[in-house]
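Student: I am new to this structure. Please take me through the surroundings of the ligand, step by step.

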Amino acid sequence: MNIKKKFRVILPVGVLALAAVAWAGSPQILQPAGPGPSTASFTAINKVFTGDWQQYGQLFTSWQGGLFNRIFLLVLTIVPVVFLLHYIIIGAKSFSHAGTPIKFFGILTRFLHWLAALSFSLLVITGLMVVFGKFIGGGPLVMSGRSIHLIAAIVFCLSAAGLFLIWLKDMLPMPHDILWLLIMGGYLSKKKKPVPAGKFNAGQKVWFWLATVGGGIMAWSGYTLYSFAAPVDQIRQMAILHNLLAAGLIAFFIIHLYMSLFAVKGAISSMLTGYKSREEVAILHSRYKI
Ligand code: HEM
């Protein structure tokens, strides 16, 4: 768009915005700005549009430098400790491999899953490199981490979108999911009693929605941060969203790793071969219709 065209769009939008603010009775804009334009009058008008961004900026800077780091550190220590305790006190569930195994994951699902797993792991590692950049010396190491973060984000978006389409139907909430949540999927007991779950249980569904829809929000906020094409307030809001959602996603990612690598013996082989044992399906996915 050339300058003239831009001006033709900006002028009416600006007039309309000013009229709207005046109509809303904003005291700052209706007050006379003094004999001529001064820094104070510009600051007063600016605040009407952007809020008190300087104060908000101070809050943001202090969060960025301290609070977010602490939240990430808490997630990286507390979540593994809780699940380590679970492993020590309750232990893994193991199932017999007697009988013909049941087909659970097709080849495309497994391919997309491992692509998502690889790219997401890279996103977590490189994202944390940026968060803790100061402690690892900053410089080219962190900058290359940032570039890998961008490439991994693109690969993750494509693979997660594929998984979203493949799994959507099986991941829709069902009434029995409430029962599963109430008994915590039977994971607080050593007994092997059938739990209410279809192809996926409520816990797996929560991870699915977080990883796909949450992943989409991460991509959108991340893109805004990367392109820097938004007003400063919006960039800050996106940074806060990106950081807090990342902390939540990392917490659930650690849980997903624990469940699939330690809590259920042999779970990893189902994502490699596509098959699950009959006993595992009968107990952990008792409502799954083969
Ligand atoms: C290195 C990282 C990962 C490992 C080792 C891993 C492992 C596994 C395994 C073994 C399963 C089958 C579990 C079962 O049905 O018993 C599984 C399922 C699944 N994975 Fe992953 N995964 C990883 C990363 C991811 C990522 C990044 C996503 C995000 C899209 C993801 C999404 C899912 C979903 C939605 C399922 C089906 C539901 C569930 O079992 O939670 N995984 N994963």
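Tutor: Start at the ligand. Its shell has 21 residues, and Ala117, Phe120, Gln204, Ala211 and Ser260 come nearest. Keep in mind that this is a predicted model.

Now ask where the shell comes from. Helix 5 (107–131), helix 6 (139–167), helix 8 (202–227), helix 9 (232–263) and helix 10 (267–273) each give at least two residues to it. Helix 5 supplies the largest share, with 5 residues. By type, the shell around the ligand holds 15 nonpolar residues, 6 polar ones and no charged ones.

Next, look at the largest nonpolar core. This core has 25 residues. Those that touch the most other members are Ala116, Phe120, Leu123, Phe156, Ala160, Leu163 and Ala197. Two or more residues of this core come from each of helix 5, helix 6, helix 8, helix 9 and helix 11 (278–284). Helix 6 gives the most, with 6 residues. Phe120 appears here again: it is among the residues that come nearest to the ligand, and it is also in the core.

Zoom in on Ala160, another core member. Beyond its neighbours within four places in sequence, Ala160 is in contact with Ala116, Ala211, Thr212 and Gly215. Of these partners, Ala116 is listed in the core too, while Ala211 is one of the residues that come nearest to the ligand.

For contrast, turn to Ala98. This residue sits in the loop between helix 4 (53–89) and strand 1 (102–103). Ala98 is exposed, because just 9 other C-beta atoms lie within 10 Å, and 12 or fewer counts as exposed. Its C-alpha atom is 7.9 Å from that of Glu279, 181 residues away along the chain.

Notes:
Residues are numbered from 1 along each chain as its sequence is written. This is a predicted model: local features need pLDDT of at least 70, side-chain atom pairs count only at pLDDT 80 or more; totals for chains, interfaces and linings use all residues. Helices (H or I, at least four residues) and strands (E, at least two) are DSSP runs, numbered from the N terminus. A residue is buried if 20 or more other C-beta atoms lie within 10 Å of its own, exposed if 12 or fewer, and partly exposed in between; C-beta atoms are placed from the backbone. A residue is near a molecule or strand if its C-beta atom, placed from the backbone, lies within 6 Å of it. Ala, Val, Leu, Ile, Met, Phe, Trp, Tyr, Cys and Pro count as nonpolar, Asp, Glu, Lys and Arg as charged, and the others, Gly among them, as polar. A nonpolar core is a set of buried Ala, Val, Leu, Ile, Met, Phe, Trp, Tyr and Cys residues joined through C-beta atoms within 7 Å. Two residues are in contact if their C-beta atoms, placed from the backbone, lie within 7 Å.
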